[in-house]
Amino acid sequence: MNETLSEHAAQALEWPRVLEILAQHAQSGVGAALCRSLSLSNDLAEARLRQQETTEMVSLLEGSDPMPALTFPDIREQLIRSRKGGTLEAGELRDCAVVLALMAEVERYAESHTVETKALARVLEPLHDTKSLRGLLRAIEGAIQSDGSMKDTASPELRRLTHQAQGLKQEMRQHLEQILHSKRFEEVLQETYFAQREGRYVVPVKADMRGRIPGIVHDVSASGATVFLEPRELVELNNSIKVADLEIEREVQRILRELTALVASNAEKIGQGIEVLAECDVIRARAEMSRRLKCNPVALNNNGRIVLKQARHPLLLIAKDQVVANDVHMDETVRVLVISGPNTGGKTVTLKIVGLFALMVRAGLHLPCAPESEMALFFDLYADIGDAQDLSRDLSSFSAHMAYMIRLLSESAARPTSNEFSETRALILLDEPVTSTDPQEGAALAEALLCRLAELNMKVVATTHYGALKELAQTTAGFVNASVEFDVERLAPTYRLFIGIPGGSSALEIAGRLGMDERILNDARKRLRHDNQRLDELMMDLQRKQRQLAEDSDKAQKARQEAEQSAREAQMLRAQLQEAEQEVRRGLKKKLGEQFQRARAEVQATVDSLKHEQKLIKAKETKQRLHELEIKARQELVPPSKPIPLEQLGIGDKVEITGLGMTGSLMEMPQGKKRVRVKVGEGEILATVSNLVGLAGESAPAPPAAPSESARRFPTAGGLGLDEQTVVDVRGQAADEALDLVVAALDRAILDGALYLRIVHGHGTGRLKSVLREYLKESPYVDEFRPGDRAEGGDGVTVVRLR
């Protein structure tokens, strides 16, 4: 056996196939090659960091600004040749420019995504040192076209030589046009076109007439009927063109040598940049594979704890649309998991899932399982799976398996052992150990082998049909049984794994399903020992009960999820209904506002009439009508609530001043009074008790001692005697809401016969003040208005004189 045990395990688990799938997601040849030889971490912190790199890349790819495509040519051989003194061709320099441009683009991307690339920053950090290569990039792009050809403007000399050569060629084309259309050449020309042979311009002449035109023959057609002749009068001009082309080529070579020297002097930095791009491409491939297989990052540990939920085999996910997911639970106390059950039931698949997951987490790959899973980091992995027969070495299957186990035990014995679970480093995967021999001896040897591996503090997963191993797992501390389910009714495996119970082999049932003669099966059942038959029936019954429990658990989980979803939907619906209600209220408010506008027009007309007729009864009727309209509107806009009777109100209780739409707290007892002081915001208002409505809720802090009678009104410069009928405080209100309050206050002030109204709007941004004063200019109630003086509140107040 030339390969190491770890290499043998990787082959048995089909790890190279996983790496090949990973390589298919790479965007560059360098990245794909790196995927196929992906290194494995031997440190827990490094493994977590690599997994975080994959997680960050997944987030970037699924975001609105994904990482640039990492497609780039492999120029490592060109770098080596440039350092050895070779000259790179224009196309090779173009490839260098592609790599340099991608380095710069990825470096800029990393700088603009520092928050999302904390782990990736470690990989991308070396690109910061490649900023000095941008001068080289500009030099190459200034000389080489994107198609790999040299630009005419690569140097002043090349521009001059190119212009000279183009002039000569233009002159040559003019001569050729004259030849092709001259009477002298009309009979001898095979066709009326010109061509180039060996870099010289020629015309097609009939072979039997070439002697009639003096010149040099450069080529003959395949049929021999046409010779390509350079007429004598074109020889000197062709020579001039040839010389010009040679001079251009010399200048091109000089430019290529100059650019190659620049590449050679920066080859080391370019090589480092290529390594960064390749590693970044590998991380991107890991992320793309994670997205394709619907993988998740998992918690990692070094204490041997394996908790895999909804785990699926990655290679099966590639090949099939539907794959049965299983849970695998081996905590720190479990050293050996024994999986039993029928053939083709999924025992070996489970074995490979655990092994592949152990390799994937060390490679920085996400796992195809639920995100709440957890996987241990195993630095040593051994797997004995499949037929190990080796005819070239004259080894039978039994001998080959024994040779492998002897070598495994030899290597394990050389390692220091400990009984501490935290030092579990090795994972052993055994597919039906010690078979192809006498069943009793094989079972005994398999028991001893598993016990020895457990003593060596190894994590072991083994499949078996041996009843003795099932009994060992059921009765020995640190051992656990598991089984793959077999559906007796359908006579087919379900591929579901149950932890904690052993499984029967169901050999007779499977044989019958495959078409075995029923008479032979009945004879076999008679020959089967009653105890063994009874044990198989018990295990099948256990599996049925386990399946029922699992189904019930799934139903309960689904019901809980549906209930949670219904609760979320109900909450969303409640929010939508509240928003709809608010919208309806806003519409109603607008409609009522229009009604108020019509009512105000009627009131104003009545007021104007009163000024002439002086009929008090009519004014009272109009006032009462407007008051009733406001009460009706308020009932429709505000949800009904039970007001607190006035006789139950005390100092500090919250009240609403109807008509103003303002709320505040009482500063004195209202019982037996016509007017009381109410604290509104930072100020106070003298309000009519009959206009107060008590509000349910906590009382506000008690106000300070009652001031003197002279302080019961707002301070004014002109002695306006303002109270709640002639003061409106709209601070903190939106412009439209404040306008509604001001209009209502104007209505009431007019009906009460007030001469002045003071509007407290504050300073703020000035917008609220502007909106209100614009309205006052057009209001039919307003005679004039002015900013308040210093004692009235300054420019944060507008004093209105009413008509």
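**Figure 1. Burial and contacts across the whole protein.** Of the 803 residues in this protein, 45% count as buried. Keep in mind that the model is a predicted one. Its secondary structure comprises 23 helices and 23 strands. Take the contacts between residues at least 6 apart in sequence: 68% of them join residues at least 24 apart.

**Figure 2. Helix α17, with a buried face and an exposed side.** This close-up shows α17, which covers residues 467-475. Which residues of this helix are buried? They are L469, K470, L472 and A473. Looking down the axis of α17, you will find the buried residues within an arc of 160°, so they line one face of the helix. E471 and T475 sit on the other side of α17, where they are exposed.

**Figure 3. The packing of helices α22 and α23.** Here α22 (residues 735-751) packs with α23 (residues 767-778). The angle between the two is about 40°, and their axes lie 10 Å apart. Since oblique angles begin at 35 degrees, where roughly parallel ends, α22 and α23 are therefore oblique to each other. The crossing of α22 past α23 is right-handed.

**Figure 4. Residues at the contact of α22 with α23.** Now for the residues that meet in this pair. From α22 come A735, A738, L739, V742, V743 and L746. Their counterparts in α23 are R767, L768, V771, L772, Y775 and L776. What kinds of residues make up this contact of α22 with α23? There are 11 nonpolar residues and one charged, with no polar ones.

Methods: Residues are numbered from 1 along each chain as its sequence is written. This is a predicted model: local features need pLDDT of at least 70, side-chain atom pairs count only at pLDDT 80 or more; totals for chains, interfaces and linings use all residues. Side-chain values use heavy atoms; hydrogens and water are left out. Axes are lines fitted to C-alpha atoms, for helices over the stretch in contact, and angles run from 0 to 180 degrees between N-to-C directions. Helices (H or I, at least four residues) and strands (E, at least two) are DSSP runs, numbered from the N terminus. Angles under 35 degrees count as roughly parallel, over 145 as roughly antiparallel, 65 to 115 as roughly perpendicular and the rest as oblique. A crossing is left-handed if the near helix is turned anticlockwise from the far one by less than a right angle, and right-handed if clockwise. Contact means heavy atoms within 4.5 Å. Ala, Val, Leu, Ile, Met, Phe, Trp, Tyr, Cys and Pro count as nonpolar, Asp, Glu, Lys and Arg as charged, and the others, Gly among them, as polar. Buried means under 20% relative accessible area, exposed over 50%, partly exposed in between (1.4 Å probe, protein chains only). The arc is that of the directions from the helix axis to the C-beta atoms.
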